[in-house]
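This report describes the chain shown below, with attention to its aromatic pairs, its charged side chains and selected backbone angles.

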Amino acid sequence: PEVVSLPIVHSSSLARSHRAKMDEGPSRYSSKTKIGNWNEELHLKEERIRKYLEKKAKGELMINKIHRNMQGSLKPSGLTYSKDGNVRYGDYVMLYSVKTEGVLSVDLTDRDAGNIEAYAVTTSTLTKGPVARNVFVITPARGDRKTKIGDVLRFNQSFCLKANPLLTKLNLSLTSMPLSPMQFSKISKKQLVLMSIDKSADTLFKARYRDSATRFEFDGEPVPCNAEIVIQHNRTGKCLFSDKINYHNDFGTEFEVACETQTTTKRKQVLVHEKTGKLTGDNAAKSETSGNYFAFLTASDPSMESAIVRNDDHPLIEALEILKSKLIKRSGLRGLTSIARVFRIMNDNFDGFLSSQEFSKGLKDMGVDLNQNEQKILFNAFDKDGNGKLSYNEFVQALIGKANERRLVLIDKAFSLMDKTGDGKITVDDLKGVYVPESDPETLDGKKNKFQVLSEFLGHFEASGKKDGVVTLEEWRDYYNGISASIDSDEYFELMMKRAWKGL
């Protein structure tokens, strides 16, 4: 048999070969190789996207909740006008802080972690006028049968400060609890102050005269409007206090509110004054600082009372809000601009008027869920002349109304941007050079793309006129009146307009 000789491999050669393979590194996977729980991760990602889209469609995203809170909290509110300059029980007032130069405000998204339902209060300089979150109602103490709504509020007399009915249905009152290891303000760790559903003695306060030296003499005198006072908590004796301690929330940077009597370092010559009869033991030895000074702000003009919403008005407001929200849900933010079409659908006999039967049937066809009493309240509120039927003008005025002066200025300025010739009319082609559809609310929400928004925007103007390619100032105002009726906050309306129109 043939003998085959095999090559001799030395151990040193094997070592070198092994080291070379080690230097090359481990085997690498290609970009197409799937490792780990890739299928599970893919399904989890798809599930997260599905839940996100579902929440987005239902308006349950955090941004939607913040937007709704901003809308509800910034609704314009009325203030009480005082003819004699005195504060009364039942008055709608703002509470102004001298130190922070802001007004007391409620944040319904900032709920306290305690057992009782309660919400944070701050002093805010962000809102310039009276709105739902910064207007309060002065009411008598619970169980006080002697004091009536309309009676003058007097120094050293107990009162409750209630939340505006326009803000919430909850019966919230300004409340402060004694300082404890479990209850204290979030930042300064002082005595906690909240808006709470609590009905105990913790909700009682009294107004005290600002000058501690003559305070005792003014007890029982009427509390003047727009004058600096001290507000004292009945149970603890501490005074309402606000300093420039930053408190961050959805509205921005505001200032913390607590109960803390801060006094000056200058001690008065109490014993000497008591001996001479100038002071008694009832007078404070030291006066408070500006952090304890507040003022009840009332209306400067009687017309400001027209925007006041009282508890008795809630059925009408709720019914109107349901109808508006249904129209907006059907057609988006511009739902109220198509009010003429809604009226024509309801008007079965085409006589230009809606009877109560046509109105009720129309609401039912639109899917607006109102009982007979709510429908009656709504119809009677719309029927201004009381003739038992609604004209088109009554219907439009009730649902849309007219934009206020602040909004009308913005609307007219936007028109002026387009009216380059100054002849009081613009062509629809001019909109393409100025209007920014990317900033439209429905584009930002992802409901429509910019091309859809621009096309619909132009289409609305054409539909409102004679389809001649010309938009008049009247058509422009009519369109934005419908948009304005869908937005409660002046600040949000201004922001929307400035985002939509360059140079506004």
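Which residues do ring pairs link into a cluster? The cluster consists of Phe155, Tyr209 and Phe218, joined by ring pairs. The model is a predicted one, and the account below should be read accordingly.

**Overall composition**

The secondary structure of the chain amounts to 16 helices and 16 strands. The chain has 504 residues, of which 42% count as buried. Among contacts with a separation of 6 or more, 69% are between residues 24 or more positions apart. The exposed area of the chain is about 28,400 Å², and carbon and sulfur atoms supply 52% of this area.

**Aromatic pairs**

Four aromatic pairs are found in the structure. One of them joins Phe159 and Phe296, whose ring centres are 6.0 Å apart and whose planes stand at 75 degrees, so the pair is edge-to-face. Because Phe159 belongs to strand 5 (residues 158–163) and Phe296 to strand 12 (residues 293–297), this pair ties together parts that are 137 residues apart in sequence. Phe159 is buried, with a relative accessible area of 1%. Phe296 likewise counts as buried, at 1% relative accessibility.

Phe415 and Trp476 form another pair; with ring centres 5.6 Å apart and planes at 75 degrees, the arrangement is therefore edge-to-face. The pair links distant parts of the chain, since Phe415 is in helix 11 (residues 405–418) and Trp476 is in helix 15 (residues 473–485), 61 residues apart. Phe415 and Trp476 are both buried.

**Salt bridges**

Side chains of opposite charge can pair when their charged atoms come close. The structure holds 13 salt bridges; the table lists three of them, with the distance between nitrogen and oxygen.

| Acidic residue | Basic residue | N to O distance |
|---|---|---|
| Asp243 | Lys99 | 3.1 Å |
| Asp110 | Lys186 | 3.7 Å |
| Asp219 | Arg208 | 3.4 Å |

The salt bridge between Asp243 and Lys99 has an N to O distance of 3.1 Å. Asp243 lies in strand 10 (residues 240–249), whereas Lys99 lies in the loop between strand 1 (92–97) and strand 2 (103–111), so the bridge ties together parts that are 144 residues apart in sequence. Lys99 is partly exposed, its relative accessible area being 31%.

In the salt bridge of Lys186 with Asp110, the closest N and O atoms are 3.7 Å apart. This pair also links distant parts of the chain: Lys186 sits in the loop between strand 6 (173–176) and strand 7 (191–196), and Asp110 sits in strand 2, 76 residues apart. Lys186 is exposed, with a relative accessible area of 52%. Asp110, by contrast, is buried, with a relative accessible area of 17%.

Asp219 and Arg208 form a salt bridge in which the closest N and O atoms are 3.4 Å apart. Asp219 is placed in the loop between helix 4 (215–218) and strand 9 (229–233), and Arg208 in strand 8 (residues 205–209), with their positions 11 residues apart in sequence. Asp219 counts as partly exposed at 23% relative accessibility, while Arg208 counts as buried at 13%. Elsewhere, Glu47, Arg50 and Glu54 are joined into one network by salt bridges that share partners.

**A buried glutamate without a salt bridge**

Where does Glu358 lie in the secondary structure? Its place is in helix 8 (residues 356–365). Glu358 is buried but has no salt bridge, and the nearest side chain of opposite charge, that of Lys361, is 8.7 Å away. The side chain of Glu358 does reach the backbone nitrogen of Ser355, at 3.0 Å. Apart from neighbours within four places in sequence, the residues in contact with Glu358 are Met346, Asn347, Asp348, Asn349 and Phe353.

**Positive phi angles**

Most residues other than glycine have a negative phi. Lys189 has a positive phi, near 65 degrees, and is placed in the loop between strand 6 and strand 7. At 46% relative accessibility, Lys189 counts as partly exposed. Asn226 also has a positive phi, near 60 degrees, and is found in the loop between helix 4 and strand 9. Asn226 counts as partly exposed, at 48% relative accessibility.

Note on methods: Residues are numbered from 1 along each chain as its sequence is written. This is a predicted model: local features need pLDDT of at least 70, side-chain atom pairs count only at pLDDT 80 or more; totals for chains, interfaces and linings use all residues. Side-chain values use heavy atoms; hydrogens and water are left out. Helices (H or I, at least four residues) and strands (E, at least two) are DSSP runs, numbered from the N terminus. Buried means under 20% relative accessible area, exposed over 50%, partly exposed in between (1.4 Å probe, protein chains only). Lys and Arg count as positive and Asp and Glu as negative; His and the chain ends are not counted. A salt bridge is a side-chain nitrogen of Lys or Arg within 4 Å of a carboxyl oxygen of Asp or Glu. A polar contact is a pair of N or O atoms within 3.5 Å; within protein, one must be able to donate a hydrogen and the other to accept it, and residues adjacent in sequence count only if both atoms are side-chain atoms. Contact means heavy atoms within 4.5 Å. Accessible areas come from the Shrake-Rupley method with a 1.4 Å probe; for residues, only the protein chains shown count as cover. Rings of Phe, Tyr and Trp (its six-membered ring) pair if their centres lie within 6.5 Å; planes under 30 degrees apart count as stacked, over 60 as edge-to-face and the rest as tilted.
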